[in-house]
Every structure is written in C-alpha cells, then in structure tokens.
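Grab a pencil and work through these exercises with the structure open beside you. Try each task before you read its solution.

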Amino acid sequence: MSRRSGGLIGVWAEQQRVAQRQREGQHQAVLRQQRDAERVQRAYERDVARMQREQKAAYRQRREADAARRTQELDERVAVLEGLLAAGCRGAVFDVGSLRQAEDIEPFSPGPLGEPVPMPDQRFYQPENAWTAAGRAQAEQDARARFERDWYAAQAAEARRVEQLGAYRRAYDEWAAARRAEIRAHNQGLAGTEAALRDGAAETVVEFFSAVLFASTAWPEGFPREVSAAYERSGRRLVLDWDLPGYDVVPGAKGVKYLPGTDQEKEVPRPVTQRRALYRDVLAQSVLLALHELFAADRFGTLEGVTLNGYVGGVDPATGLAGRVCVASVAVDRAVFDRLNLEFVGAVECLTGALAGRLSAKPDERVAVAPLRTPEQVGVEVVVQGDGEEPDLLAMDPVAFEGLVAQLFRARGLQAVTTQRSNDGGVDVEALDPDPISGGSILVQVKRYRNTVPPSAVRDLFGTVQGAGANKGVLVTTSGFGPGSYTFANGKPLTLISGTELVDLLHQHGLRGRLGPAPRGVDRFVHPNPYVFSQVPSVGESLAERLPNPGAGTRECPATRARTPRVRGRSPRRPFPGRPSDGRLRDRSLHAKWPCRQSTGWRTCHAGGTGRSRFDHGYRRLGSRAKPRGNVQERHDQGDANTEGGLAS
C-alpha cells in the first residue's frame, strides 16, 4: 500500500508541477501582451505628440507668414507714398489729341443674307422604277413636278433674300452715316476745345484742367479729387483749391508681429515723428504733382502761372463741425517750374525753398497756412467740379461721403455720427442700433476706392471691432471685394457693402448717388435681321422704330405671321455685324423653327429661307417624300405681302 500511495502522490505532484508551469506560462503571456500594448501606446502617443508639434509649427508658420504679408502690404503702401512724385512724373501726360476718334466704321457684313439660296439640282429628281410604260411616264411626271415645285420655292426664297439684303444694307448705310456724323461732331468739338484753350476761354480752361487732374492715374486709391478753380485771362493764371489726403493716408502701423504666447497679432506702431514727416512729405509731393500735371497738359500756352491751395477736410476739434483747412499754398510761374527736375528733388525743400511756397508745420494737427490767392479773389465765376443733383460717389469730397454714409444709417433708423479725422483708429462713422435684442454699437469704415478692396482692410476692421468691443463692423466701399475678403468675413460680425449695393441702399432710402459718370448709349450697330432684335440707341431714333413690325422679345413667321418668343438666333444684344466667339453663325434666319398656326406643333418653316432640301412652307417632310398641304403658291404670296419686304422685328 505504501508503494502504491507513493506512486499516487508522485503522479499528483507531477500534475501540480505541470499546472504550475501552465499558470506561469499564462502569466508570462499576459505580461508580454501588456508590455506589447504599452509599447504600442507609447509609440502612438509619440506619433500624436509629433503630429501636434508639427501642426503647432505649421500653424505658427501660417500666422507668422500672415503677419509678414500684412507687414509687406504696409511697406508697399509706404513705398507708394514715398515715390508718389517720381512715379507721377514718369506717367503719361493728358493730351486732347488722344481723345480724337478715327472714322473707322465697322464694315458691312450681311452674314447668312449674303449667301445665295442654292437651287435644286435636277439630277436628284430621278423618276422611280416602274414595270409598265404608263408607270414610268407617271414617275417621270411626278419627278418633274417635284423639281418644278422646289425650283419655284427656291426662286421665291432667293427673291426674298435679295429684298431683305437690300433693306439690311439701307439700314446699315443709315447707321454708318449717323455714326460717321457723330464721330465728326466729336472731333469738331475737340477742335473747338483746342481753339477755346488757345483763346483763353475761362470756362473751357477750368473744365479742361479740372479734367486733367481727375483723369490722372498717378493718384493712389483713397486720395480725394475735388477742385474749385477760376482762370484769370489777363495774366493767363489758373487759381485753384485742390483737396489733399488726410493724416490717415499714412499707415499708423509700421508692421505686424505674431505673439505665439497669446496667439494674437500685434501691430507695431509707427513712430509719431516718422509718420508726421512722411505725411508732410506726401502733402508736398501732391502739390508738386498737381502742378506737374497742369503744366504738362498745357500744349497751347494757356498757363503762364498757377496758384494752388491745398486743403485738408475733416472735423475741427475746436467746434466739432466739418471744415476744410488750407495746409499748403504756392504760386509758381511756368518758366520757374520748367527748370525743376522733379524726380530727384526733396518735395518739402522744393515747395518751401525753390518755389517759396507755404506748407503747414503740423498738418496732422490741422495747423493752417494763409492761402496766397483764392479763386474767389480772381473776380470771375468760380467753377466747382464734383457737385450735382446726382453726386458721383467716386468724386465726392471724403468728408461729404462719410456724412452721406452716416445719413444712410440714420435713414435706416440707427443713430450715427461721423468721427474725427485724426486718431479715429480707422473708424469713419459710429452707429448705434437701439434695438434691445439685436442692436448694439456698430463701427463703420468708408473706403472710396476704384479698385478692389484688399483683404487687409477687412482684417484691420475686425481687429478694430474687437479692440473697441463693438457688436459689429461694417465696411462700405465704392468698388468691391475679392473672394479673400468674403472668406475672412464669413462667420464674423462683419458686413461688406460694395459700391453697387451702396447705390441701391441710397436709392431705397430716398438718397442720391451714382458710381462714375452718367451712362452713355451704345454706339454700335445691331443686326436688323428679321429674326434678330434691332436697336441703335446712340444715333437718335432706334432702328427698331424704322423697321416694320418691331417686336419686343418675339419673332414672327414670315408666311403665317405667328409671333412667338425667340427660340433661336443670336443674342438680342449682340452688336452688328459680329460673330460668336466659336466662329459659328447662330443666325438661323434662313432655317428657323416656328410654332405655326397651320400645324399642331413644331416644324421647319422655309418660307423665308433655304432649309435643307425642301423650300416650301406648305410642305412637311414624311420620310423621303413631301406631300402638299393646300395651295402652296397662294400661301407664299400671302407670306410675301405680310412680311413687308421680308423685314420683321
């Protein structure tokens, strides 16, 4: 028994050892799995940390690049101001001769009307095969009848085409004569202007040299263009008051830095002394550039001297009222001015030294100088450019434009006032919406631009709104915004109002304003084809009034006079003679579709054209044969009488 018991104990002990080894193996496997999971987790965390570092570095690079781009924009603006006079002297000079128009009249091009109608070929009208002599005779008679029918239809279409072509040519000759007379009248008017300038007609002289200043491309965006002038004929001297830009034309920031600690962009202020010196230099350059534009445009010896007073608009801090202050004044003779090399002079030294002019020592503080002579002292009527019942927003005085925008906000039920011209942070109008739920303070910036407003202006407004704690910012311009501006403003308390939207808002609230000069009529001849709209707005009476059966937005079937909306043909406003950009003729005057009264649906109408292989309005194609539908010749005669020579609107 003892041996047997010892054997059982040994077996049991062996089983215990095996179980122990299994448990240890399982434990080691669990530990290995844990170590592997921890290793994978650490690798994942390292990858996440690396990605976060890379994302932070990329984000910081983007913000730093954005700050560098804004700094570059500021540097470019300053460079434009510093080189204003030199760039203006290198620009083109205004010349009356450049306004002359050549008598180049568009040649006559009849388009499809100039192509003769192809006559049917008898070779394609062969009789059908028949077994009997009678059948062959009948087939020959049918073929001859088909040929004669199509030949007469083609002859009628060709006669109608010739008649339409003659009417088209007469209409073109009338337009060409009127256009040539208009060009000659324009050139004669220019000749009269040149003669008046040589004679020294005061009104013509003032209007011409005012146009010289307005038409100059040397002035940067944001510069005012307002002039009042008078001409002294005895001394051949022009005396004018010219508006100069305000202190805000010089950027108050020198650059932009990105602060990664607070994740914000901070503007580095421009030193006050540097900003004041640059503004004073810009004023002197503007005065010299205006003098250069005037003397360079004088090709007729009209000006022996010019007296120019430069004014700056804004709000007087002493009274709180809008006013203009004279900050520069100079009287110079042509002989003295012609000796200057303006591209290399120091603007301030030249104005105050060589020309003995006056320039305010502190124009940023609106310190005035006495004008040497004003237009009112000339003793003749002073002509002011820029006024009118419908003011041109692009040529309006900056202060008046800001007042107009403030008036628009007041018309919409808000409380709005204009701000001071200096130290306003770029805000031109402060508005308050009294609505207790959706109201609040609104900051308005006004940009009287001709080109697209850059995105930097939208970003600056957003920073101003955040810094002032306002509820909303509104940017009003006379031009427009690019996609970058709208993308930045999306989701932010910003509203962008373009020039066209501003004009619409003004008209909706009973205010007046327009962009640019009054629109002029087009002076190009429009195709007077029977199936194309016709108009000649600039020649006086429109072509549609001279042609029979003018239709507004419709076309007419020549045979049945079924008037329907246009479905084919060239654009109604495509000028004569013109072809589409792809070179294909879209005028289907000789092959058009009409919903005719004589059928229940659409079919090809050949009463006024060739078609493909059938020329008769009274036939519809059935397979390869055509069957008559009544008295064909009578229907064509009626179509000829109704279309009055084939011309319809």
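**Exercise 1: Getting an overview**

Task: Find how many helices and strands the chain has, and what share of its residues is buried.

Solution: Start with the secondary structure, which comes to 13 helices and 19 strands. Next, turn to burial: of the 649 residues in the chain, 42% are buried. Now look at the outside, where the chain exposes about 34,400 Å². Carbon and sulfur atoms supply 51% of that area. Last, check how the chain folds back on itself: of the contacts between residues at least 6 apart in sequence, 65% join residues at least 24 apart.

**Exercise 2: How far to trust it**

Task: Work out where pLDDT stays under 50.

Solution: Keep in mind that this is a predicted model. Begin with the whole chain, which averages a pLDDT of 76, with 75% of the residues scoring at least 70. Then go to residues 520-649, and you've found the stretch where pLDDT stays under 50. The model does have 277 contacts beyond four places in sequence for this stretch. Still, where pLDDT is low, the predicted coordinates shouldn't be read in detail.

**Exercise 3: Two cysteines**

Task: Decide whether Cys89 is buried or exposed, and do the same for Cys350.

Solution: The cut-off you need is this: buried means under 20% relative accessible area. Cys89 has 16%, so Cys89 is buried. Cys350 has 5%, so Cys350 counts as buried too. Now for disulfides: a search of the whole structure finds zero of them.

**Exercise 4: A patch on the surface**

Task: Say which residues form a nonpolar patch with about 300 Å² of accessible area together.

Solution: The members are Met119, Trp151 and Tyr152. Pick out Trp151 and you'll find it in helix 3, which covers residues 133-199. Its relative accessibility is 32%, which lies between the 20% limit for buried and the 50% limit for exposed, so Trp151 counts as partly exposed.

**Exercise 5: A loop residue and its contacts**

Task: Locate Thr452 and list what it touches, leaving out residues up to four places away in sequence.

Solution: First, place Thr452 in the loop between strand 11 (440-447) and helix 9 (455-468). Second, check its accessibility: at 51%, Thr452 is over the 50% cut-off and therefore exposed. Third, list its contacts, which are Ser479, Gly480, Phe481 and Gly482. Finally, take one of these, Gly480: it's 28 residues from Thr452 in sequence, yet their C-alpha atoms are 5.1 Å apart in space.

Conventions. Residues numbered from 1 in each chain as written. Predicted model: local features only at pLDDT ≥ 70, side-chain atom pairs only at ≥ 80, totals over all residues. Heavy atoms only, no water. pLDDT = per-residue confidence, 0-100. Contact = heavy atoms within 4.5 Å. Disulfide = S-S within 2.5 Å. Buried < 20%, exposed > 50% of the residue type's maximum accessible area, 1.4 Å probe, protein only. Helix = DSSP H or I, 4+ residues; strand = E, 2+ residues; numbered from the N terminus. Areas by Shrake-Rupley, 256 points an atom, 1.4 Å probe, with all protein chains shown as cover. Patch = residues over 30% accessible without salt bridge, like charges linked within 9 Å, V, L, I, M, F, W, Y side chains within 5 Å. Salt bridge = Lys/Arg side-chain N within 4 Å of Asp/Glu carboxyl O.
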